[in-house]
Amino acid sequence: MTAHNIPETLSEMAVAVLTTPNAKEKCALSRACAAQWFAARAAGAAVPLGRAIPPDHPARPADPVLLDPRDVPKRKPGTPEGRIAILHAVAHIELNAVDLHWDIIARFSDMPMPMGFYDDWVKSADEESKHFNLLSECLEMMGSHYGALPAHAGMWRAAQDTATDFMGRLAVVPMVLEARGLDVTPSMIEIFKRPKEDGAAQAAVAALNVIYAEEVHHVAYGSKWFHFLCGRENMDPKDAFHTLVRRYFHGALKPPFNEEKRAEAGIPPDFYWPLSEK
Ligand SMILES: [Fe+2]
Ligand SMILES: [Fe+2]
């Protein structure tokens, strides 16, 4: 999509990204929309929020084939195929995250929120698009590409479950799912550090380090706006979080938790430990 057919309102931008099936085109449009938004903000102007109805499901490419998580083949992480499978799975998560961030912008645009809320999610969507591009490049260096392997179906479930619950969306998506990313990324980075002479593996280390650093902010935005809404509704944030995660998230949270990065993102231990597996 060229610069001149970027929509004029933020909600329409979101819907345009959500309804673009090709992954690279989706990410390019996402980045172009974010650039437009921030250029207007820097100029002291604003892209109007507007109203547009997001689709129930975002458009996605024909490949990868989506399978039930139980049917996705397991591969050994110590092999080149295993490393490709890990990056492919993370690329799939990143593409889903692009759609999730644009979805929260369009879906809850009837909620009066400060402009900083939109800044945070546009920035997050832009970063997820960059993350997807980085991982796609690594996959291509490894002789593969996004779409070459089957991927998890059901990634959109959290969005569907919280389609009418704004606080539930913030609790489950950034504060549970993206926080989980902080827990698992360090050990993933170690896997790619091992093949030292492998340029593609080293590129993956660099990409995963960018992702790890930026994901802390996405979790922090979730926590910030969740606490903001609790304050506005005069609710206890911890109790509200527990209630909403129990309502919308299927299963217990899995330790070990990255307590340091979770703390940096504004999620204290008494938020997640009571929801964890015993
Ligand atoms: Fe990401
Ligand atoms: Fe993220």
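Biologist: Is N234 buried or exposed?
Modeller: N234 has a relative accessibility of 74%, so it counts as exposed (over 50%; buried is under 20%, partly exposed in between; 1.4 Å probe, protein chains only). The model is predicted: local features need pLDDT of at least 70 and side-chain atom pairs 80 or more, while totals for chains, interfaces and linings use all residues. Residues are numbered from 1 along each chain as written, chains are lettered from A and ligands numbered from 1 in written order, and side-chain values use heavy atoms, without hydrogens or water.

Biologist: What is phi there, at N234?
Modeller: Phi of N234 is near 55 degrees, a positive value in a residue other than glycine.

Biologist: And where does N234 sit?
Modeller: N234 lies in the loop between α7 (199-233) and α8 (helices are DSSP runs of H or I, at least four residues; strands of E, at least two; numbered from the N terminus).

Biologist: Changing topic, which residues does the cis peptide bond with omega of about 0 degrees join?
Modeller: That bond joins P255 and P256. P256 is placed in the loop between α8 (237-248) and α9 (259-264). Another cis peptide bond, with omega about 5 degrees, links D63 to P64, and P64 belongs to the loop between α2 and β1 (66-67).

Biologist: On to α6: how many of its residues are buried?
Modeller: In α6, 20 of the 28 residues are buried, and the helix is mostly covered.

Biologist: What span should α6 (residues 166-193) have?
Modeller: The expected span is 40 Å, because 1.5 Å is multiplied by one less than the number of residues. The end C-alpha atoms of α6 are 39 Å apart, which agrees.
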